[in-house]
Amino acid sequence: MGSKMETIPSFTVDHLKLKSGLFVARKDRIGDAVVTTFDLRLKRPYHDPVMDTGSVHALEHICATYLRNDPLWGERVIYFGPMGCRTGFYLIMAGDLTSEDVLPLVERTFDFASDFEGEIPGATPKECGFCVDMDLELAKADAAMYYNILISPKKENLHYPVKKPRKPKLSKEEQNKGGEDD
Ligand SMILES: [Zn+2]
C-alpha cells in the first residue's frame, strides 16, 4: 500500500489486447486524498461473450454488499458497479492502491458470489429499480470463472497491456559489463 502515485491513462488501453483480470483504471486526487478506480474485467473484450444483464445485476447486488461488509476494507469502498459494456465492473476505493493490494479482497468477494445461496440482497421492488432482472445461476458461473483467474494471476491479469514496449532498464552490473566490452 501507499506506493508512489502515478498517472494511469486508462483511456489509452487497447481493449483488443486486454485480458481478463484486475487492473488499476485510474487514480484521482481529491484534496489531499487519493481514490483508486479498479477495472474488474471478467470477460475478455471481443473474445468472450459479455455477461447477461441478469448476471451483471445479481453480481452487482451480491458483490457490493459483500465488499461494504468486509471487515478489513469495507470502509474504504466508495463504489462498486457494472460497466455498460457488460465485460466487467468498476470498484472505487479510497487510497493510493495497487491491484495486488486489493487482490485478496476481490478474490474473496467473487468466491463468496460463486457459492451464493438464498435471497439476493436488495432484490425487492422497494430497494431496486428492476429487481426481476437477476439470474443467480449465471452470476455464480461468471463469479467462479473470474475467481479462477484471480487465484493464479499472471502479470497480464493485473496490469494493463503496455502500449509501447519500454526500453529495458539496465542494472548497474549490466551497464558496467557494456563498458568493458567497448
Ligand atoms: Zn438493482
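**Strand pairing and helix packing in the predicted model**

In this predicted model, strands β1 and β2 form a hairpin in which 2 residues lie between the two strands, and G31, placed in the turn, has a positive phi of about 65 degrees. The two strands of the hairpin, β1 with residues 21–30 and β2 with residues 33–41, pair in the antiparallel sense over 9 bridges. Within this pairing, K27 stands opposite T36 of β2.

On the sheet, β2 is also joined to strand β4 (residues 88–94) by 7 bridges, and these two strands run antiparallel. Two positions illustrate the register of β2 against β4: R41 stands opposite G88 in β4, and T37 stands opposite I92 in β4. Taken together, 4 strands form an open sheet in the order β1-β2-β4-β3, with antiparallel pairing. The edges of this sheet are occupied by β1 and by β3 (77–82), each of which pairs on one side only. On average, and with direction ignored, neighbouring strands of the sheet are turned by 15 degrees against each other.

The sheet is crossed by a helix: α2 lies across β1, β2 and β4, and runs at about 120 degrees to β1. Helix α2, which comprises residues 99–114, also packs with helix α1 (residues 53–69) at an angle of about 130 degrees, the two axes being 9 Å apart. An angle over 115 degrees that does not exceed 145 falls in the oblique class, and α1 and α2 are therefore oblique to each other. The crossing of these two helices, α1 and α2, is right-handed. In their contact, L59, I62, C63, Y66 and L67 of α1 meet T109, F112 and A113 of α2. The residues of this contact divide into 7 nonpolar and 1 polar, with no charged residue.

A further packing partner of α2 is helix α3 (residues 136–150), with an angle of about 150 degrees between the two helices and their axes 8 Å apart. Here α2 passes α3 in a left-handed crossing. From α2, the residues L103, V106, E107, F110, D111, A113 and S114 take part in the contact, and they meet A139, K140, A143, A144, Y146, Y147 and L150 of α3. The residues of the contact of α2 with α3 divide into 10 nonpolar, 1 polar and 3 charged. A113 of α2 is thus listed both in the contact with α1 and in the contact with α3.

Several loop residues were also examined. E119 is found in the loop between α2 and α3, and this residue is exposed, because 9 other C-beta atoms lie within 10 Å, where a count of 12 or fewer defines the exposed class. Although E119 and L136 are 17 residues apart in sequence, their C-alpha atoms are 9.5 Å apart in space.

Most residues other than glycine have a negative phi. Against this background, Y46, which is not a glycine, has a positive phi of about 60 degrees. Y46 is placed in the loop between β2 and α1, and counts as exposed because it has 10 C-beta neighbours inside 10 Å. R86, likewise a residue other than glycine, has a positive phi near 65 degrees and is found in the loop between β3 and β4. With 16 other C-beta atoms within 10 Å, R86 is partly exposed, since this class lies between the limits of 12 or fewer for exposed residues and 20 or more for buried ones.

Technical notes:
Residues are numbered from 1 along each chain as its sequence is written. This is a predicted model: local features need pLDDT of at least 70, side-chain atom pairs count only at pLDDT 80 or more; totals for chains, interfaces and linings use all residues. Axes are lines fitted to C-alpha atoms, for helices over the stretch in contact, and angles run from 0 to 180 degrees between N-to-C directions. Angles under 35 degrees count as roughly parallel, over 145 as roughly antiparallel, 65 to 115 as roughly perpendicular and the rest as oblique. A crossing is left-handed if the near helix is turned anticlockwise from the far one by less than a right angle, and right-handed if clockwise. Two residues are in contact if their C-beta atoms, placed from the backbone, lie within 7 Å. Ala, Val, Leu, Ile, Met, Phe, Trp, Tyr, Cys and Pro count as nonpolar, Asp, Glu, Lys and Arg as charged, and the others, Gly among them, as polar. Two strands pair if DSSP finds at least two bridges between them.
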